[in-house]
Amino acid sequence: MAIFDDEPVKKVRTHEIGQDLALLSVGELTERIDLLRTEIARLEAELAQKGATKSAAEALFRR
């Protein structure tokens, strides 16, 4: 907890790319895989949304 209210709260990283995985248990590895799969799905959804927006803009300006 921050000593002063105006201090930023540090986020706890649950996974860091390139992190040493040797000390993690099977359960922790499974948890991280699930976390990363969820994040990949979120990124793919955003990518699809941006692609649809771009396609709509291109179609509008081609007229």
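**A walk along helix α1, starting at R32**

Let's begin with R32, which sits in helix α1, the stretch covering residues 26-62. Keep in mind as you look around that this is a predicted model.

Stepping back for a moment, the protein chain contains one helix and zero strands, so R32 lies in a helix that has no strands beside it in the chain, given how helices and strands are assigned here as DSSP runs. Of the chain's 63 residues, 3% count as buried. The accessible surface of the protein chain adds up to about 6400 Å², and carbon and sulfur atoms account for 61% of that area.

Now back to R32. Is this arginine buried or exposed? R32 is buried, and it has no salt bridge. The nearest side chain of opposite charge belongs to E28, and it is 5.8 Å away. A salt bridge here requires a side-chain nitrogen of Lys or Arg within 4 Å of a carboxyl oxygen of Asp or Glu, and E28, at 5.8 Å, does not form one with R32. What does R32 touch, then, once its neighbours within four places in sequence are set aside? The contacts of R32 are T14, H15, Q19 and L24.

Further along, we come to the charged pairs. How many salt bridges does the structure hold? There are two. One of them joins E39 to R42, with 2.7 Å between the closest N and O atoms. These two residues are three apart in helix α1, which means that about one helical turn separates E39 from R42. As for their surroundings, E39 has a relative accessibility of 31% and therefore counts as partly exposed. R42, at 54% relative accessibility, counts as exposed, because the cut-off for exposed is over 50%.

The other pair is K50 with E46, whose closest N and O atoms are 3.7 Å apart. K50 and E46 are both in helix α1 as well, four residues from one another, or about one turn of the helix. K50 has 53% relative accessibility, so it counts as exposed. E46, with a relative accessibility of 38%, counts as partly exposed.

To put the pieces side by side: R32 is buried and without a salt bridge, while E39 pairs with R42 and K50 pairs with E46. In the first of these pairs R42 is the exposed partner, and in the second K50 is the exposed partner.

Technical notes. Residues numbered from 1 in each chain as written. Predicted model: local features only at pLDDT ≥ 70, side-chain atom pairs only at ≥ 80, totals over all residues. Heavy atoms only, no water. Buried < 20%, exposed > 50% of the residue type's maximum accessible area, 1.4 Å probe, protein only. Lys, Arg positive; Asp, Glu negative; His and termini not counted. Contact = heavy atoms within 4.5 Å. Areas by Shrake-Rupley, 256 points an atom, 1.4 Å probe, with all protein chains shown as cover.
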